[in-house]
Amino acid sequence: MAERALARPLPVSGLAALTERLARLDNSYLRRHTKTELGEEIARMVEQSGAGLLDGAPAAGQDQVALSALGIHELPPAGYLPCSYSTTGDLRAVLDRLLGDGVDLRICQYGLAEIAQAVQEAQRRDRIPLAAACRPGVDILVPTDPCGEQQGSWVAFVRRAVRYCGGEGAVAAESAVN
């Protein structure tokens, strides 16, 4: 069991095949099997998907698919994304492929506690459209330790707050995450 917890995340192509296979499980199948049997079957499907057995091995570079290609056209105002990268440039390339050019990305390094607070504060903001005429500001929060070293294989995202200051004709200014 511990071995499964340390396994690498499935590529997007593997997730699509796994989702399709799970959707084919009908109610009669679910009623005929115990929770343990169902769990074992799902674990077997995940292993097959990770090995590329459900739909063939994914081609190189196919791991990163744009969310819009999967039918996802907006994100919640804050959340977490699994993400593997070695440099900030790599991270930007990964996020550009994933989110497209419909958002204004800013990459920030944060401690774990500050990330949790920023996500909580942003949860009441508007959703993030991935293809809008006016590109919404999105901060990518990279978890780091006090020495600035990356922690974990994930990032958080939050929609920047928009504040209108001044009188008539004021320009919207997007603030940094508090």
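**View 1. Alanine 133, out in the open.** In this predicted model, alanine 133 counts as exposed because its relative accessibility comes to 91%, against a cut-off of over 50%. You'll find alanine 133 in the loop that links β4 (128-129) to β5. Put glycine 102 in the frame too: 31 residues separate alanine 133 from glycine 102 in sequence, yet their C-alpha atoms sit 8.0 Å apart in space.

**View 2. Two cysteines and no disulfides.** Cysteine 134 is exposed, since its relative accessible area is 64%. Cysteine 165 is exposed as well, at 55%. Don't go hunting for a bridge here, as the structure holds 0 disulfides.

**View 3. Helix α5 from end to end.** Helix α5 covers residues 88-99. Its 12 residues should span 16 Å at 1.5 Å a residue, and the C-alpha atoms at its two ends are indeed 16 Å apart, so the expected span and the model agree. Right after α5 comes glycine 100, with a positive phi near 80°.

**View 4. The buried face of α5.** Which residues of α5 are buried? They are Leu91, Val94, Leu95, Leu98 and Leu99. Looking down the axis of α5, you'd see these buried residues fall within an arc of 110°, so they line one face of the helix. What they pack against is a set of strands: β1 (74-75), β2 (78-82), β3 (104-110), β5 and β6.

**View 5. The largest nonpolar core.** This core is made of 19 residues, and Leu91, Leu99, Ile140 and Val155 have the most contacts inside it. Three elements each give two or more residues to the core: α5, β5 (137-143) and β6 (154-159). Which of them supplies the largest share? That would be α5, with 5 residues.

**View 6. Leucine 91 and its contacts.** Zoom in on leucine 91, one of the buried residues of α5 and among those with the most contacts inside the largest core. Setting aside neighbours within four places in sequence, leucine 91 is in contact with Cys83, Tyr85, Ile107, Ile140, Val142 and Val155. Two of these partners, Ile140 and Val155, are also listed among the residues with the most contacts in that core.

**View 7. A second core.** Separate from the largest core, there is another one of 10 residues. Its members include Ala78, Tyr110, Ile115 and Ala122.

Notes: Residues numbered from 1 in each chain as written. Predicted model: local features only at pLDDT ≥ 70, side-chain atom pairs only at ≥ 80, totals over all residues. Heavy atoms only, no water. Core = buried A, V, L, I, M, F, W, Y, C linked by side-chain atoms within 4.5 Å. Buried < 20%, exposed > 50% of the residue type's maximum accessible area, 1.4 Å probe, protein only. Helix = DSSP H or I, 4+ residues; strand = E, 2+ residues; numbered from the N terminus. Contact = heavy atoms within 4.5 Å. Disulfide = S-S within 2.5 Å. Expected span 1.5 Å × (residues − 1). Arc of directions from axis to C-beta.
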